[in-house]
Structures are given as structure tokens and as C-alpha cells.
Amino acid sequence: MSSSPVGRLGDYIREQREGAAISLRRLALDAGVSNPYLSQIERGLRKPSAEVLQQIAKGLRISAEQLYVRAGLLEERESGLAVESAVVSDPAISERQKRVLLDIYASFLSENAQATVQLAAPEADGAKAATVTKSAKRPAAKKTSGTKSTRKPPAKKSTTRSTQRSTTARKAKKG
């Protein structure tokens, strides 16, 4: 393992890529970077930008926050990384299951962050919030799928079977 933060980041990316059984070329393609550039990142020769780290995280299906912390862009949060590292290091579940759990965990964190932002909105937006609340309370339109419609079917032409038979009989005599 390399001792520099960039080297540790590269080692971590390589470990995650190999653990997920993704080739260097595939990850480079998914992340939108060249193979040589990704190889240099993994070897600790280059320090990628936050955008590149985010794309690599998407390709690996891991949290971008993990890569940001490893790259020194963010400070480590105890609770979040503890959960993520526990999931990643658990040998009892498959790589796919780990990715799904991390995605679910990330979505929960995102929902909580959005809820916190909404609760912390200034009171100057109180009128907007009241408007949104009123519109949100409107009853939803009733769905008609699976129920009988009360609309009348379109009117049919008033041709009876006898009229149809006589027309067919006349055509047969002429022909």
C-alpha cells in the first residue's frame, strides 16, 4: 500500500474495482476517462478531480463520499463511513448485495438531508409553503382503470341483420 493520500485512494479504487469484477477498461468507459488516466489514478500518480471521483464512484456503484474522504476532499464522518465500511467488508453478502445496500443507505441519507433543508427554510417563504401545502391537500383524481365507465358507448349505425342479409342477397343476384 502507498503511504500518500493519492496512493491510498488509488489502491482503494483498485480494490473496489477488482472486488466488483470490473475491468480497468470497463470502469474507464463508465467513468468517461481514458484507460491510461484511470491506471495512473490507481497507481497514485494522478489526483482526480471531484467530478472524476464521482464518475468513478458511479461506475463502481459505491458512495462518492467514500472516495472524497479517501482523496482528502471531505472529512470523515464516523457514522456514515462505519456503516459503509461494515457493508463493504462483510464476507457473508455478495458484491451485488453490498452495492444495493449502499445505494439504499445513500438514498436514506439523501432523503434526510432534503428533509433537513426543507425544515430549515426561512419563514419568509411561509406563503409559498402554505400554497404548496394547500395544493398538496387537494384530492387526487380518481382512477378509472379496472372500473366500469359511466360514459355511453358511441352510437352505432342502425343496420339490422335483416337489412344486411337483404343487401348481401341483392349483391349476389346482380353478380
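1. A quick definition before we start: a helix here is a DSSP run of H or I that is at least four residues long, and helices are numbered from the N terminus. With that in hand, Gln55 can be placed in helix α4. Keep in mind that this is a predicted model.

2. Let's stay with Gln55 for a moment. Is Gln55 buried or exposed? Neither label quite fits: its relative accessibility is 30%, so Gln55 counts as partly exposed, because buried means under 20% and exposed means over 50%. Setting aside residues up to four places away in sequence, Gln55 touches Asp30 and Ala31. Look at Ala31 in particular: Gln55 and Ala31 are 24 residues apart along the chain, yet 4.6 Å separates their C-alpha atoms.

3. That contact leads us to helix α2, which covers residues 24-31. How do α2 and α4 sit against each other? Their axes come within 8 Å and cross at roughly 125 degrees, so the two helices are oblique to each other. The crossing is right-handed. On the α2 side the contact uses Leu27, Asp30 and Ala31, and on the α4 side Gln55, Ile56, Gly59 and Leu60. Sorted by type, the residues of this contact are four nonpolar, two polar and one charged.

4. Now take α2 by itself. Its buried residues are Leu27, Ala28 and Ala31. Viewed down the axis of α2, these buried residues fall within an arc of 100 degrees, so they line one face of the helix. Turn to the face pointing away from that buried side and you'll find the exposed residues Arg25 and Leu29. After α2 comes Gly32, which has a positive phi, near 75 degrees.

5. Do the same for α4, which covers residues 50-60. Which residues of α4 are buried? They are Val52, Leu53, Ile56, Ala57, Gly59 and Leu60. Down the axis of α4 they fall within an arc of 160 degrees, so these buried residues also line one face of their helix. The face of α4 turned away from the buried side carries Glu51 and Lys58, both exposed. Just after α4, Arg61 has a positive phi of about 60 degrees.

6. Helix α4 has another packing partner, α5 (residues 64-71), with the axes 8 Å apart and an angle of about 135 degrees between the helices. That angle makes α4 oblique to α5, because it takes an angle over 145 degrees to count as roughly antiparallel. This crossing is right-handed. Which residues meet here? From α4 come Ala50, Leu53, Gln54, Ile56 and Ala57, and from α5 come Ala64, Leu67, Tyr68 and Ala71. The residues of this contact divide into eight nonpolar, one polar and no charged. While you're looking, find Ile56: it takes part in the contact with α5 and also in the contact with α2.

7. One last residue to check is Arg17, in helix α1 (residues 5-19). Is Arg17 buried or exposed? Its relative accessible area is 10%, so Arg17 is buried. Which residues does Arg17 contact, leaving aside its neighbours within four places in sequence? The list is Ile22, Ser23, Leu24, Leu27, Glu42 and Leu60. Two of these names should ring a bell: Leu27 is a buried residue of α2, and Leu60 is a buried residue of α4.

How values were computed:
Residues numbered from 1 in each chain as written. Predicted model: local features only at pLDDT ≥ 70, side-chain atom pairs only at ≥ 80, totals over all residues. Heavy atoms only, no water. Axes fitted to C-alpha atoms, helices over the stretch in contact; angles between N-to-C directions. Parallel < 35°, antiparallel > 145°, perpendicular 65-115°, else oblique. Left-handed = near helix turned anticlockwise from the far one by under 90°. Contact = heavy atoms within 4.5 Å. Nonpolar A, V, L, I, M, F, W, Y, C, P; charged D, E, K, R; others polar. Buried < 20%, exposed > 50% of the residue type's maximum accessible area, 1.4 Å probe, protein only. Arc of directions from axis to C-beta.
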